[in-house]
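The exercises below can be worked through with the sequence and the structure side by side. Each task is followed by a solution that goes step by step.

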Amino acid sequence: MLASGFVLEFLKGPTLALQEFYLLTGRAMRNVTRQPHYTDDIKLQMDSIGVGSIPIVLLTGFFSGAVMALQMGRALQQYGQTGRTGTVVSIILVRELGPVLTALMVAGRNASGIASELGSMKVTEQIDAMRALGTDPIQKLVTPRMIATGVMLPCLTVIDDFVGMVGGWIIGKLLYDLDALQYWSQTWHALVWSDVVQGLLKPFVYSFVISLIGCFYGLRASGGTQGVGRATTQAMVAASVTILILNLFMGLIFVKYSGN
Amino acid sequence: MAAAANLLEFDKVSVEFDAGVPVLDQISFSVPEGQTRIIMGAAGSGKTVLLKTAMGLNRACAGRISLLGEDITEKPENQLFDIRARVGMLFQDSALFDSMTVAQNVAYPLLNQKSIQIPRDKMEEKVRESLRFVELEQALTKYPSELSGGMRRRAAIARAVVTGPPLLLYDSPTAGLDPITAHTIMALIIKERDMDNTTALVVTHRYQDGNLVANFRYNPDSGTLDPAGERATNTVFMVLREGRLVFEGTQTELEACSDSYVGKFVKKPEYAA
């Protein structure tokens with residue numbers, strides 16, 4: 001009896017947080033079709049979240065593609081199949097590594113950035129001031145970030161995939177003397193439509209995780225600068241873990257229903 | 001003469017953040033048009049909560065609140081924005097948007113409130129006019145972090161009055177300011193009241209602020225505060241203690257009050273008229 005009471009008391013906090021998260025998500029989604037639309041804020045966030053993340057995505061893509069070609073080339077060499085390196089790099093990048101690594105990088109950079117920005121606004125009463133001045137903070141702050149991340153993350157993933165393939169090709173050329181035409185034709189022909197759908201649908205879903213978790217923790221921040229720091233860390237950890245969990249489940253769904 | 005309409009009414013309003021611990025306890029009062037209400041009380045007595053509850057920023061757990069003639073007690077958040085747009089509020093720490101310049105801060109309500117339709121070309125003039133009112137026109141392009149405490153408070157007043165709201169809520173406008181700057185801020189509040197005939201709630205723990213509002217008027221010719229004399233101002237004092245309203249009345253009644261807690265807030269200022 002005592003134990004069940006303790007468990008129920010322990011579950012109250014997470015349940016309430018989950019409920020608040022769903023409410024925030026619902027309101028942010030509903031605002032997509034509601035006036036007013038803050039298009040300037042959407043453009044600003046697309047620049048900050050999307051364009052601002054390009055350098056880190058280029059670096060991540062290039063080195064992950066290069067290291068994958070390095071290891072896969074070595075493994076395939078044992079079977080005399082080094083020429084298949086492009087196929088392996090292409091499939092793994094487009095289906096799995098591209099979406100996940102891009103999302104993790106953007107989560108590290110932006111979920112924490114969003115949480116700290118909104119958290120600072122919360123603890124200095126700027127969110128209350130916004131409400132008092134007759135504007136909906138969810139419409140003004142959350143929805144533009146959600147839309148901007150939803151548009152930019154799939155674009156960043158495409159960039160990451162391509163740069164990863166370039167990294168793989170450079171390693172293939174330098175270490176395994178792969179022919180450029182052979183490598184690129186293999187990367188192209190290895191992909192089927194379900195890979196492309198998977199490679200774009202995943203980042204689209206992750207974009208909501210990054211933006212909404214960042215906003216959620218930011219808007220819940222309390223306790224001054226320490227609270228903002230805590231919200232920032234929590235947002236980044238929660239977004240990263242959720243992305244990794246979702247990646248497995250989405251992968252399972254695609255394997256089950258598309259056979260890939 | 002017909003009685004002035006109430007712009008704000010509290011009817012047995014209670015607010016709780018933790019169950020069973022009231023922050024506001026059965027508060028009732030009404031603010032008719034043209035009245036200035038001074039709200040005093042010790043730190044933690046519920047003054048700021050009262051102002052935020054009046055705006056619907058905090059929810060009441062009991063009682064009813066009417067703001068500008070509309071019952072806001074159970075209105076959903078998205079229906080409150082248009083009502084709040086007609087009320088100006090000065091926050092305790094100014095709450096200016098720190099990523100925006102002073103001009104952008106003051107223009108914010110004009111740009112973002114659905115009910116306000118001002119052509120873009122008129123916007124700048126409106127912002128300048130509002131900043132001229134608080135004598136801060138030279139700080140248009142500065143960021144809040146570049147301003148002193150008093151200047152931030154003045155910029156926040158400019159933002160609160162830029163849309164010409166009929167009701168203004170000031171949360172501790174002089175807190176943490178030196179006496180000269182505090183006097184300047186109070187003079188601006190009196191100027192706004194007398195120039196635009198606004199109704200106001202002023203939260204403060206300084207009796208001299210209330211005394212200034214109750215006994216002085218803004219003289220537009222000289223730009224100074226003159227003793228009100230015969231032209232008495234419509235000022236009412238309220239004192240809160242641990243979330244309860246322990247006093248409501250005129251300045252004379254306040255000074256005559258025998259309650260020891262209330263008496264602690266009252267002192268005869270040297271400059272009283």
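**Exercise 1.** How many residue pairs are in polar contact between chain A and chain B, with both residues at pLDDT 80 or more? Find the count, and then describe which parts of chain A take part in the interface.

*Solution.* The model is a predicted one, and side-chain atom pairs count only at pLDDT 80 or more. Between chain A and chain B, the count of residue pairs in polar contact is eight. Turning to the elements, those that give two or more residues to the side of chain A that touches chain B are α1 (2–30), α5 (126–132) and α6 (137–176) of chain A. The largest share of this side, six residues, comes from α5(A). Sorted by class, the side of chain A that touches chain B has eight nonpolar, five polar and eight charged residues.

**Exercise 2.** Describe the interface by its contacts, its buried area and its salt bridges.

*Solution.* Begin with the contacts, where 21 residues of chain A meet 24 residues of chain B. The next step is the area, since the size of an interface is often given as the accessible area lost when the parts come together. Chain A and chain B bury about 1900 Å² between them, and 53% of this lies on carbon and sulfur atoms. Within chain A, the residues that lose the most area to chain B are A:Glu125, A:Arg131 and A:Leu133, which together account for 35% of what that side buries. The last step concerns charge: there are three salt bridges between the two chains, and one of them joins the side chains of A:Asp128 and B:Lys52, with an N to O distance of 3.1 Å.

**Exercise 3.** Describe the fold of each chain, taking chain A and then chain B.

*Solution.* Chain A has nine helices and zero strands, so that its elements run α-α-α-α-α-α-α-α-α from the N terminus on. Its C-alpha trace spans about 65 × 55 × 35 Å along the principal axes, and 48% of its 260 residues count as buried. Among contacts in chain A between residues at least 6 apart in sequence, 85% join residues at least 24 apart.

Chain B has nine helices and 12 strands, and the C-alpha trace of chain B spans about 55 × 45 × 45 Å along its principal axes. Of the 273 residues in chain B, 54% are buried. For the contacts in chain B with a separation of 6 or more, residues 24 or more positions apart account for 63%.

**Exercise 4.** Why does the radius of gyration of chain B agree with a compact globule?

*Solution.* A compact globule of 273 residues would have a radius of gyration near 19 Å. Chain B has 18 Å, and therefore agrees with that expectation.

Definitions and conventions
Residues numbered from 1 in each chain as written. Chains lettered and ligands numbered in written order. Predicted model: local features only at pLDDT ≥ 70, side-chain atom pairs only at ≥ 80, totals over all residues. Heavy atoms only, no water. Contact = heavy atoms within 4.5 Å. Buried area = accessible area lost by both parts, 1.4 Å probe. Salt bridge = Lys/Arg side-chain N within 4 Å of Asp/Glu carboxyl O. Polar contact = N/O pair within 3.5 Å; in protein donor to acceptor, adjacent residues only side chain to side chain. Helix = DSSP H or I, 4+ residues; strand = E, 2+ residues; numbered from the N terminus. Nonpolar A, V, L, I, M, F, W, Y, C, P; charged D, E, K, R; others polar. Rg over C-alpha atoms; globule rule 2.2 N^0.38 Å. Buried < 20%, exposed > 50% of the residue type's maximum accessible area, 1.4 Å probe, protein only.
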